[in-house]
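Please look through the sequence and the model below before reading on. The paragraphs that follow move from a single residue to its surroundings, and then to the chain as a whole.

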Amino acid sequence: MTATTTTTTTAASTAGTTGRMRALIADVREAVGRGLPPDVTAYLVGEKLAPHLGADDLLTDAQCEPDPDRYRQHVLHAESDGSFSVVALVWLPGQGTSVHDHVSWCVTGVHQGEEHERRYRLLPADAAAGGSARLVATEDVVNPVGAVCGFAPPGDIHRVWNGCDSVAVSLHIYGADISRLGSSVRRVYDLPVDAADPVDPADA
């Protein structure tokens, strides 16, 4: 697997928004507008996203276009007050992210194909023992079409890749203005990983 940066397109360059997407955005707006804690908001947004995943009329063809060199991010909507964004990520087989965490709560749902995810826990440096910070892999997850997960910082360190043999497309909803920030990534982690970390299927 090759972890790379992403290319980004804006809503204006992805050939419009479907009626189903507009309905999803309205539902997300209602959930976010309740002003609840981030973890609760992520749960509610996940409930709104799930029924739309896999529907033929959710995304346009242009919004499912990949990039041959790296996974591609299509920003479909950014709320005018910056409270949330809706993004489609498109991955060719083997494309994936670095290990990272996020600037805000996030909900992800697989629309097409299959996404693989590895989750990590950060062990801080132990100055007394002379050790450095490191990561421990805590869970491997395979997310098929329709799978939804949500999380909120802290404890949101992971990496994601397309482990299937076809294009994968996922919807990501963030509690931030991704059109302004350019990415949901807060920090990329280049740290030693616990020796028990299993081998990626894509690396085998």
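Does Ala137 count as buried, partly exposed or exposed, and what is its relative accessibility? In this predicted model, Ala137 has a relative accessibility of 24% and therefore counts as partly exposed, since the buried class is reserved for values under 20% and the exposed class for values over 50%. Ala137 belongs to strand 9, which covers residues 134-143, and its C-alpha lies 9.0 Å from that of Leu122, a residue 15 places away in sequence.

Strand 9 also takes part in salt bridges, of which a search of the whole structure finds eight. One of them joins the side chains of Arg118 and Asp140, with an N to O distance of 2.6 Å; because Arg118 lies in strand 8 and Asp140 in strand 9, this pair ties together parts that are 22 residues apart in sequence. The two partners differ in their surroundings, for Arg118 is buried at a relative accessible area of 1%, whereas Asp140 is partly exposed at 42%. Arg119 forms a salt bridge with Glu139, the closest N and O atoms being 3.2 Å apart, and here too distant parts of the chain are linked, with Arg119 in strand 8 and Glu139 in strand 9, 20 residues apart. Arg119 is partly exposed, with a relative accessible area of 25%, and Glu139 is partly exposed as well, at 39%. The side chain of Arg119 also meets that of Glu117 in a salt bridge of 3.1 Å, N to O, although Glu117 is buried, with a relative accessible area of 4%. Elsewhere, Glu30, Arg34 and Lys48 are linked in a network of salt bridges.

Glu115, in strand 8 (residues 115-123), offers a contrast: this residue is buried yet has no salt bridge, and the nearest side chain of opposite charge, that of Arg119, is 9.5 Å away. What the side chain of Glu115 does have is a polar contact of 2.7 Å with the side chain of Trp91, and another of 2.4 Å with the side chain of Ser170. Beyond its neighbours within four places in sequence, the residues in contact with Glu115 include Val141, Val142, Trp161 and His172.

Trp91 leads in turn to the aromatic residues, among which one pair is counted. Tyr71 and Trp91 are stacked, at 4.6 Å centre to centre and with 20 degrees between the planes; Tyr71 sits in the loop between helix 2 (38-49) and strand 3 (72-78), and Trp91 in strand 4 (residues 85-91), 20 residues apart. Both Tyr71 and Trp91 are buried.

The largest nonpolar core holds 25 residues, and Met21, Leu59, Trp105 and Leu171 touch the most other members. Helix 1 (19-32), helix 2, strand 4 and strand 12 (168-174) each supply at least two residues of this core, and helix 1 gives the most, with six. A second, separate core of 12 residues includes Val87, Leu89, Trp91 and Ile178. In helix 2, Thr41 is buried, with a relative accessible area of 4%; a polar atom of the Thr41 side chain lies 3.1 Å from the backbone oxygen of Leu36, and the contacts of Thr41 beyond four places in sequence are with Val32, Leu36 and Trp105.

Taken as a whole, the protein chain has three helices and 13 strands, and 44% of its 204 residues count as buried. Among contacts between residues at least 6 apart in sequence, 82% join residues at least 24 apart.

Terms used. Residues numbered from 1 in each chain as written. Predicted model: local features only at pLDDT ≥ 70, side-chain atom pairs only at ≥ 80, totals over all residues. Heavy atoms only, no water. Helix = DSSP H or I, 4+ residues; strand = E, 2+ residues; numbered from the N terminus. Buried < 20%, exposed > 50% of the residue type's maximum accessible area, 1.4 Å probe, protein only. Lys, Arg positive; Asp, Glu negative; His and termini not counted. Salt bridge = Lys/Arg side-chain N within 4 Å of Asp/Glu carboxyl O. Polar contact = N/O pair within 3.5 Å; in protein donor to acceptor, adjacent residues only side chain to side chain. Contact = heavy atoms within 4.5 Å. Phe/Tyr/Trp six-rings, centres within 6.5 Å; stacked < 30°, edge-to-face > 60°. Core = buried A, V, L, I, M, F, W, Y, C linked by side-chain atoms within 4.5 Å.
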